Amino acid sequence: MRPEDILVPTPAGVCCKLGAFHIDPTRPVERALITHAHSDHARAGHGAVLATQETLDLMRLRYGENFAGSTQAAAYGESLALGGAKVTFHPAGHVLGSALIAVEADGLRVVASGDYKNVADPTCAPFELVPCDVFITEATFALPVFRHGEPGGEIAKLLRSVALFPERAHLVGAYSLGKAQRVIALLRRAGYDAPVYLHGAMEKITRYYESRGIALGELRLVSGATKQNLAGTITICPPSALNDLWTRRFPDPLAAFASGWMRVRARARQQGVSLPLVISDHADWDGLTATIAATGAGEIWVTHGQEDALVHWCGTRGLKARPLDIVGYGDEDDEPVSGEAEA
Ligand SMILES: [Zn+2]
Ligand SMILES: [Zn+2]
């Protein structure tokens, strides 16, 4: 059996003919296995969806009750037989509920990683290394320039700024699923115990994290606060809100943005971010290359991001590698804030 007999790239995403399913399909399919709930991986409109309970719940929160014909929850570590294939979900360390999906047949194991990070995160289960023959990796930050460093140092930078400018409001742009909750949890770990304010678009998902036992301390909605109340506070908002009229309700707002992209200064400047915070939910260059090596896989398939650099690196290590060229995966998701946003 060849790896392509287990998983084959198609325009709709990788497909397992043996098990009659796709992983993270970008178009509606009969049966989808979903790695995590970011909108480029988890789309509405599939027949049957198999994913972790958290991913199913988050999809339901975003897309409504009827986001799929039927759903089935997969627990981490539990193997299921689908047709002639065995599938197992393992923690990917990316966001709450995120999973690597291992697909096995005939003694050959292919692991589809979705997005992952091999760095501690208080808001989700830690990344689990799964030895395999073929590893399908993301490549969002697959350039040697991307080295993310310690998130604690970035949080300290934010807290220093808050102490320095007690009359200003600090706005922290963060993706609404995963990054927002991680930034709050990191603030709490750093000893920050004042209320953290939320943009309305963050509320549902953040409350869901709390319902899964992730302690985030006292949270308040911006919509309930006056301008004076907001002096000296920290508010978490979607990145797109940083350049919005919405910011006028804050006293002398100072824009921060928590993202792996903040390593690129020009990008921070372009987006009007005065306090870039390099906090990423994706593995950096060292994380990607270390993980690839540790899986023991002899063959690497590379998807969404800087495929070329990672394929090249694999070549220098004697690993067989190819880009998958699947259209439709982005770096992370930042949906328009209009619908969910407060009035
Ligand atoms: Zn993601
Ligand atoms: Zn992704």
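This passage walks through a predicted model, taking in its two zinc ions, an open sheet, one helix and a couple of unusual backbone angles.

The metal site makes a good place to start. The zinc ion (ligand 1) is held by His36 (NE2), His38 (ND1), His94 (NE2) and Asp115 (OD), at 2.2 Å. Along the sequence, these donor residues follow the spacing H-x1-H-x55-H-x20-D. The angles among the 4 donor atoms run from 90 to 165°, and the site of the zinc ion (ligand 1) comes out as irregular. His94 sits in the loop between β8 (85-91) and β9 (99-105), while Asp115 sits in the loop between β10 (108-112) and β11 (134-139), so this pair ties together parts of the chain that are 21 residues apart in sequence. Both His94 and Asp115 are buried.

The second metal shares a ligand with its neighbour: the zinc ion (ligand 1) and the zinc ion (ligand 2) are 3.8 Å apart, with Asp115 coordinating both. For the zinc ion (ligand 2), the protein donors are His41 (NE2), two OD atoms of Asp115 and His304 (NE2), and they lie 2.1 to 2.6 Å from the metal. Here the spacing in sequence reads H-x73-D-x188-H. This site is irregular too, with angles of 53 to 119° among its 4 donor atoms. Distant parts of the chain are linked here by His41 and His304: His41 belongs to the loop between β4 (31-33) and β5 (46-51), His304 belongs to strand β18 (residues 299-305), and 263 residues separate the two. Like the pair described above, His41 and His304 are buried.

Turning to the sheet, 6 strands line up in the order β1-β2-β3-β4-β5-β6 to form an open sheet with mixed pairing. At the edges are β1 (8-10) and β6 (68-73), each of which pairs on one side only. From one strand to the next, the twist averages 30°. As a general point, strands of a sheet pair through backbone hydrogen bonds, in either a parallel or an antiparallel way.

The early strands of this sheet can be followed one pair at a time. β1 and β2 run antiparallel and are joined by 3 bridges; one of the contacts sets Thr10 against its bridge partner Gly13 in β2. Between these two strands there are 2 residues, and together β1 and β2 make a hairpin. Next along, β2 and β3 pair over 3 bridges, again in the antiparallel sense, and Cys15 has His22 of β3 as its bridge partner. The direction then switches: strand β3 (residues 21-23) runs parallel to β4, with 2 bridges between them. His22 turns up here as well, with Ala32 of β4 as its bridge partner.

The hairpin of β2 and β3 also holds a backbone oddity. It has 4 residues between its strands, and Ala20 takes a positive phi near 55° there. Most residues other than glycine have a negative phi. Ala20 lies in the loop between β2 (13-16) and β3 and is exposed, with a relative accessible area of 54%. A second case is Asp325, which is not a glycine either but has a positive phi of about 55°. Asp325 is found in the segment after β19 (320-323), and its relative accessibility of 60% puts it in the exposed class.

Finally, there is helix α3 (residues 151-164). Its 14 residues span 20 Å from the first C-alpha to the last, close to the 20 Å expected at 1.5 Å a residue. Which residues of α3 are buried? They are Pro151, Glu154, Ile155, Leu158, Leu159, Ser161 and Val162. These residues cover an arc of only 155° around the axis, which places them on the same side of α3. In general, an α-helix has 3.6 residues a turn, so residues three or four places apart point the same way. The other side of α3 carries the exposed residues Arg160, Ala163 and Leu164. Gly152 is also part of helix α3, and at 42% relative accessibility it counts as partly exposed. The C-alpha atoms of Gly152 and Ala190 are separated by 7.5 Å, although the two residues are 38 residues apart along the chain.

Notes. Residues numbered from 1 in each chain as written. Chains lettered and ligands numbered in written order. Predicted model: local features only at pLDDT ≥ 70, side-chain atom pairs only at ≥ 80, totals over all residues. Heavy atoms only, no water. Donors = N, O, S within 2.8 Å, 3.2 Å for Na, K, Ca; no water. Tetrahedral: all angles 85-135°; square planar, octahedral: opposite > 155°, others 65-115°. Buried < 20%, exposed > 50% of the residue type's maximum accessible area, 1.4 Å probe, protein only. Pairing = 2+ DSSP bridges. Axes fitted to C-alpha atoms, helices over the stretch in contact; angles between N-to-C directions. Expected span 1.5 Å × (residues − 1). Arc of directions from axis to C-beta.
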